[in-house]
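Work through the exercises below with the structure at hand. Each task is followed by a solution in steps.

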Amino acid sequence: MGALEAYAFSFFKYVPRLNVVDWAEANLHLSARITETPGPYTTRLHPYVKEVLMAFNDPKVKRISLCWGSQTSKTTTFYIGLAYVICQQPKPILWILPNEKNARQFSTERWMPFCEECEAIRATLPTTASGLDRDRFTILRQEFDRCTMHLVGGGSPANVRSLPIGVLILDEIDCIDETIRRESMDRIKGRHDYLIAQSSTPVKEQGGIWQEYLEGDRRRYFVPCPHCGEMITLDWKDADGNYAVKFDESAKLEGEEGGWDFAKIMATANYHCQECGEAITDSHKTKMMRGGEWRASNPRAEPGARSYHLNSLYSPTLTFGRIMVEWLRSQETLGSLQNFVNGWLAEPWKDKALDADPKLIENLQGDYERGDKVGTHRIMGVDVQRAHLVYVVLGFEANGHMQVIDHGNLPAWNDLDAVVDTYEVAAVIVDSGFGMRTQETYEAIFKRRRTWWAAKGWEKLPVPQRINQVDPFTGTNKAGRFSIRLLNIDVTVWQGELAQRRAGRIEGFEVYKGIDAEFVRQFFAKYQVEETDKRGRKKVIWKVRRHRQDHYWDCCTYALCLSKIMGFGQVKEVVEEKPPKPPPVKPPPKSFWA
């Protein structure tokens, strides 16, 4: 029988129908390349995957989104689900990874060995007289008995435009270009029996797997407490913000070196039930997992959109002590902490500098009163409005330390002169971007051009700031006899640094005691979010809270940039002065008798 006839007869071949879990446990064998527990596949160690696997054979489920942490078996779950599709319900499959390099490495090191080592899948592979047909079973395109699978990198829309898709797998979607992801999802919906399966550890709140989780039915895995019997979720913190994993307090080392006794933490750490407070040990975890169930919490989700959240506390291969040690070690660097939040807690990273939480002002109050002339030099930032001028006076030290001295609204330019004299202001920078008053602003600066600067904010410049000369009467850059200094500012750069200071991430910012409430409202009015444009590109943009003004924030941004122009906070190389060499010692004159 030829290959064509065999292919045709395969459609009439009887295939017994089993549910996904029963079929997988009866037919699949996993090697050490795939799992830490090689052998016949079983869900006994990861009972929470059962419902996800059953969804691969549920015609009502159209989208599966796994927002799961490390060591929770999310990729292996996709292996099993696809094995069932290939052998029991064949349809064209497309697996998209972040880039082609990832796709090739994943295929050669994990997926292809899995197909060749599992007897059930191996029986569907194309063969020749000499064995496996490597021309039809390649790294990025694999033919099976009754379906074909493509693996592509999510680097270009052309990778997915011409491919038939019945099952779409999107792996680590937070690293896949949004345009590719959306286009592939739109194409697959042309079928009535499609399935979209996505997974990732979350990175940001906007877009990606976290957004998919929020838009789906938001399922969490509830497990019974071995002490009180209440169904609970395993959470890193309780409702009061206390850590649910606790350990022997003596593990905190005293003395100059400090640190932690990690061995004691590993030995004594337990999870404490949020209902009864009793300690749950690692030995309880397996039985709890088997008695668990998924519960949805978003009744408004699109029908058939299943979204699952699972952190690493549920992992059968990670002890509570190991997770707590990882948490303590992650405190050493910001990158490690973010990795723990994303990869272990399966939560998006929320940068404190981007939160714009007004409560942070409590940490920024200095030991001085409003109006005190602090700082070796004072700089005033001015924001021009329709009927008034907003100003902030800041003091600066040579090391860049920045202190808010005074602020307010004034009706006229001459009123600003009085503030300059009162605080002995060294330089003034004025936002000239208010269109109907730009000419007036230029002329006012020209009268005071020795110490006054104009400013214009840009969202993107090739450099953080750029100084131009502008004719105040024509507004052109061809300044001749008359000119003022115009400081073009990349506001993304300087607002970013100010946000870091606002959050206490960078030292060197203070406000006076009992800071005015309106200043706080305006200073925390701006915040950053990550958005996706129409072309699918992600970018971080600044937004202003609804019904809030942000003039004081802008004044501080311009003043901060000008302070760097004036040399405050610039790092200079310290050259160690060497003591002068002593003059050479002349030898004593030789004695006549020598």
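**Exercise 1.** Leaving aside neighbours within four places in sequence, which residues is Trp95 in contact with?

Solution. The model is a predicted one. Set aside the residues within four places of Trp95 in sequence; the contacts that remain are Phe78, Tyr79, Leu82, Phe106, Trp111, Met149, His150, Leu151, Val152, Ile169 and Asp171.

**Exercise 2.** Place Trp95 in the largest nonpolar core, and find the element that gives this core its largest share.

Solution. Start with the core itself, which has 83 residues. Trp95 is one of the members that touch the most other members, together with Ile64, Trp111, Phe114 and Phe144. Next, turn to the elements: helix α4, residues 74-88, supplies the largest share, nine residues. Finally, note that another core of 67 residues lies apart from this one, with Leu487, Val491, Phe524 and Cys556 among its members.

**Exercise 3.** Decide whether Arg501 is buried or exposed, and list what Arg501 touches.

Solution. First locate Arg501, which sits in helix α16, residues 491-502. Its relative accessibility is 5%, so Arg501 counts as buried, the cut-off being under 20%. Then, not counting residues up to four places away in sequence, Arg501 touches Leu364, Gly400, Met402, Ile506, Gly508, Phe509, Leu560 and Lys564.

**Exercise 4.** Give the strand order of the open sheet that contains β14, and name its edge strands.

Solution. The order is β13-β14-β15, with antiparallel pairing. β13 (245-246) and β15 (279-280) each pair on one side only and are the edge strands. Between β14 (residues 270-272) and β15 there are two bridges, and Tyr271 stands opposite Ile280 in β15.

Terms used
Residues numbered from 1 in each chain as written. Predicted model: local features only at pLDDT ≥ 70, side-chain atom pairs only at ≥ 80, totals over all residues. Heavy atoms only, no water. Pairing = 2+ DSSP bridges. Helix = DSSP H or I, 4+ residues; strand = E, 2+ residues; numbered from the N terminus. Core = buried A, V, L, I, M, F, W, Y, C linked by side-chain atoms within 4.5 Å. Buried < 20%, exposed > 50% of the residue type's maximum accessible area, 1.4 Å probe, protein only. Contact = heavy atoms within 4.5 Å.
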